[in-house]
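Visitor: I'd like to go through this one and hear how each label is earned. Can you show me what we're looking at?

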Amino acid sequence: MTIVDYLLHFLWPVQCPLCGRPASTVCSGCLDILLRNSRSRCFSCHGEYPCPLHVGPPLLAGASHLDKARELLMLLKYENSRSIGLSLGEALGRAFPVPESDFLVPLPLHRNSSRGYNQALLIARGLSRIWALPVLDGLSWSASWPNQTGRSAAERRQLPREAFFWRGPPISEKRTVIVDDVSTTGTTLSRAARALEKAGASVAAFVVWTVAEVKKR
Ligand SMILES: [Zn+2]
Ligand SMILES: [Zn+2]
């Protein structure tokens, strides 16, 4: 902890939601512990990357969607703890080398969401601080598809292929990194990749804070 943390705590007594130490948000010690098993995975089967069976960009996953890693996402999404999003992104940025890419693209907030902020955008901004890649927030949902949260794996895979479209500046020939908070079946991320590829860009990597272990083929 730095002297600045102590002063902040004195002026505005807040603490790490995981360990209770004085901190302005979740502390780097807790984040480093959570990310100790972070690794590049095969996007298709979640196995080692590069994968002997599948091609495509890697899934850079911070942690499994369990325990404290999951709790932090719940705080970020449902308790209005926006600063956590930046911290998660910064921790991911420290855990992985910068992909060869031109910018970061967060998944957009679902149109039906009542949340006043996009957690994927906050994570992307945290990543941007460490990786020095700009964030382009140009993906949109194409229509009012039912929210993926709480859906079964089979229902998630029914997300239409054209679920997203690119409404940002021209990205032809650009390399992108797609950012989201959690990946379950990977369907949402692959639909986002499709929209970027239709706009002429390529996907260098996917980054998520957590990955839910769903059996895939
Ligand atoms: Zn802590
Ligand atoms: Zn694989």
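**How the labels are earned**

Guide: Let's start in the sheet: strands E2 and E7 pair in the parallel sense, over 5 bridges. Keep in mind that this is a predicted model.

Visitor: What makes E2 and E7 a pair of strands?

Guide: Two strands pair if DSSP finds at least two bridges between them. E2 and E7 have 5 bridges, so they clear that cut-off. One contact point to look up is Ser64, which stands opposite Val211 in E7.

Visitor: How do you know that E1 pairs with E2?

Guide: Same test: at least two bridges are needed, and 4 bridges join E1 to E2, residues 58-64, with the strands running antiparallel. Among the partners, Cys42 goes with Pro58 and Arg41 goes with Leu59.

Visitor: What is the strand order in the sheet?

Guide: The order is E1-E2-E7-E6-E3, in an open sheet of 5 strands with mixed pairing.

Visitor: Why are E1 and E3 said to stand at the edges?

Guide: Strand E1 (39-42) and strand E3 (103-106) each have a single partner strand, so one side of each is left without a neighbour in the sheet. On average, neighbouring strands here are turned by 30° against each other, ignoring direction.

Visitor: Which helices pack on the sheet?

Guide: Helix H3, residues 67-78, touches E2, strand E6 (175-183) and strand E7 (202-211), and its direction makes about 100° with that of E7. Helix H7, residues 187-198, touches E3, E6 and E7, with its direction at about 160° to that of E6.

Visitor: What makes E2 "mostly covered"?

Guide: The count does: 6 of its 7 residues are buried. A residue earns that word if 20 or more other C-beta atoms lie within 10 Å of its own.

Visitor: Why is H4 called largely enclosed?

Guide: Because 10 of the 14 residues of H4 are buried. The buried ones include Ile84, Leu88, Glu90 and Leu92. Their cover includes helix H2 (28-34), E2, H3, helix H5 (119-131) and E7.

Visitor: How do you know that the length of H4 fits a helix of 14 residues?

Guide: At 1.5 Å a residue you'd expect 20 Å, and H4 (residues 82-95) reaches 21 Å from its first C-alpha to its last, which is close.

Visitor: And what about H5: what span should its 13 residues have?

Guide: They should span 18 Å at 1.5 Å a residue, and the end C-alpha atoms are 18 Å apart, which agrees. H5 is also largely enclosed, because 10 of its 13 residues are buried. Those include Leu121, Leu122, Ile123 and Trp131, and the buried residues pack against H3, H4, E3, E6 and E7.

Visitor: Why is Ser28 called partly exposed?

Guide: Ser28 has 15 other C-beta atoms within 10 Å. Buried takes 20 or more and exposed takes 12 or fewer, so a count in between is partly exposed. Ser28 sits in helix H2. Ser28 and Glu90 are 62 residues apart in sequence, yet 9.4 Å apart in space, C-alpha to C-alpha.

Visitor: What makes Ala132 exposed?

Guide: Ala132 has 9 C-beta neighbours inside 10 Å, and exposed means 12 or fewer. You'll find Ala132 in the loop between H5 and strand E4 (139-141).

Visitor: Why pick out the phi of Ala132?

Guide: Because most residues other than glycine have a negative phi. Ala132 has a positive value, near 60°. Glu173 is another case, with a positive phi of about 75° although it is not a glycine. Glu173 lies in the loop between strand E5 (164-166) and E6, and Glu173 counts as exposed because it has 9 other C-beta atoms within 10 Å.

Visitor: How do you know whether the peptide bond from Tyr49 to Pro50 is cis or trans?

Guide: Look at omega: it is near 0°, and the bond is cis. Pro50 is in the loop between E1 and E2.

Visitor: Last one: which residues touch the most other members of the largest nonpolar core?

Guide: They are Ile178, Val179, Ala192, Phe206 and Val207, in a core of 56 residues. This core draws at least three residues from each of domain 1 (1-34) and domain 2 (40-211). Leaving aside neighbours within four places in sequence, Ala192 is in contact with Leu107, Leu139, Phe164 and Ile178.

Note on methods
Residues are numbered from 1 along each chain as its sequence is written. Chains are lettered from A and ligands numbered from 1 in the order in which they are written. This is a predicted model: local features need pLDDT of at least 70, side-chain atom pairs count only at pLDDT 80 or more; totals for chains, interfaces and linings use all residues. A nonpolar core is a set of buried Ala, Val, Leu, Ile, Met, Phe, Trp, Tyr and Cys residues joined through C-beta atoms within 7 Å. Domain bounds come from an automatic or database domain assignment. Two residues are in contact if their C-beta atoms, placed from the backbone, lie within 7 Å. Helices (H or I, at least four residues) and strands (E, at least two) are DSSP runs, numbered from the N terminus. Axes are lines fitted to C-alpha atoms, for helices over the stretch in contact, and angles run from 0 to 180 degrees between N-to-C directions. The expected span of a helix is 1.5 Å times one less than its number of residues.
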